[in-house]
Amino acid sequence: NVHSTMSTSSDPDATVVDAAIISHIFWPTIQRDQFNHHPNIQSELDRFSEAYGQLKNPRRLVWYDQLGTVQLDLDVVESTEGGNPVLSTKS
């Protein structure tokens with residue numbers, strides 16, 4: 001388990017990354033949409049990728065960001081909504 005190889009944080013608001021690992025052998029060709037993550041999120045993605053690489057060497061992760069979901073807590077409107085990560089990174 002990748003999460004057990006990563007150090008855990010005592011911060012309850014820490015970014016949590018999880019992934020559904022799919023093989024290019026069993027999945028159709030998917031166009032990758034590129035966008036820049038917030039530095040905190042990118043560092044968590046990098047940590048997850050590194051832990052995965054250590055656990056599953058020589059395999060590596062290729063992130064398809066547009067396929068994921070993100071959970072946002074919006075204090076301004078006092079609600080929680082799920083959505084597409086591409087749309088949540090637009091400024």
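Here is a walk through this structure, starting with the overall layout and then moving in to single residues.

Keep in mind that what you're looking at is a predicted model. The protein chain contains three helices and two strands. If you trace it from the N terminus, the elements come in the order α-α-β-β-α. Of its 91 residues, 16% count as buried.

Let's begin with helix α2, which covers residues 39-55. Does its length make sense? With 17 residues at 1.5 Å a residue, α2 should span 24 Å, and its end C-alpha atoms are indeed 24 Å apart, so the two values agree.

Now look around the helix. Which residues of α2 are buried? They are Glu 44, Leu 45, Phe 48, Ala 51 and Tyr 52. These residues cover an arc of only 125 degrees around the axis, which means they sit on the same side of α2. Turn to the other side of α2 and you'll find Pro 39, Glu 50 and Gln 54, which are exposed.

One name on the buried list carries a charged side chain with a partner. Searching the whole structure turns up one salt bridge, and that bridge joins Arg 47 to Glu 44, with 3.0 Å between the closest N and O atoms. Both residues belong to helix α2, where they are three residues apart, or about one turn of the helix. Their surroundings aren't alike, though. Glu 44 has 16% relative accessibility, so it counts as buried under the 20% cut-off. Arg 47, at 31% relative accessibility, counts as partly exposed.

Stay in α2 for one more residue. Asp 46 is also part of this helix, and because its relative accessibility is 42%, it counts as partly exposed. Follow the chain onward to Leu 61: it is 15 residues from Asp 46 in sequence, and the C-alpha atoms of the two are 9.7 Å apart in space.

Next, the loops. The loop between α1 (2-5) and α2 holds Trp 27. Arg 32 has its place in the loop between α1 and α2 as well. How accessible are they? Trp 27 has a relative accessibility of 42%, so it counts as partly exposed. Arg 32, at 38%, counts as partly exposed too. For a link across the sequence, take Arg 32 and Trp 63: they are 31 residues apart along the chain, yet 8.5 Å separates their C-alpha atoms.

On the other end of α2, the loop between α2 and β1 (70-74) is where you'll find Gln 66. Is Gln 66 buried or exposed? It counts as buried, because its relative accessibility is 15%. A polar atom of the Gln 66 side chain lies 2.5 Å from the backbone oxygen of Gln 31.

Finally, step back to the surface. Ile 22, Trp 27, Val 62, Tyr 64 and Leu 67 make up a nonpolar patch there, and together they have about 440 Å² of accessible area. You've already met one of them: Trp 27, the partly exposed residue from the loop between α1 and α2. If you're turning the model on screen, try colouring the patch members Ile 22, Trp 27, Val 62, Tyr 64 and Leu 67 together.

Definitions and conventions: Residues are numbered from 1 along each chain as its sequence is written. This is a predicted model: local features need pLDDT of at least 70, side-chain atom pairs count only at pLDDT 80 or more; totals for chains, interfaces and linings use all residues. Side-chain values use heavy atoms; hydrogens and water are left out. Helices (H or I, at least four residues) and strands (E, at least two) are DSSP runs, numbered from the N terminus. The expected span of a helix is 1.5 Å times one less than its number of residues. Buried means under 20% relative accessible area, exposed over 50%, partly exposed in between (1.4 Å probe, protein chains only). The arc is that of the directions from the helix axis to the C-beta atoms. Patches are made of residues with over 30% relative accessible area and no salt bridge: like charges are joined within 9 Å, nonpolar side chains (Val, Leu, Ile, Met, Phe, Trp, Tyr) within 5 Å. Accessible areas come from the Shrake-Rupley method with a 1.4 Å probe; for residues, only the protein chains shown count as cover. A salt bridge is a side-chain nitrogen of Lys or Arg within 4 Å of a carboxyl oxygen of Asp or Glu. A polar contact is a pair of N or O atoms within 3.5 Å; within protein, one must be able to donate a hydrogen and the other to accept it, and residues adjacent in sequence count only if both atoms are side-chain atoms.
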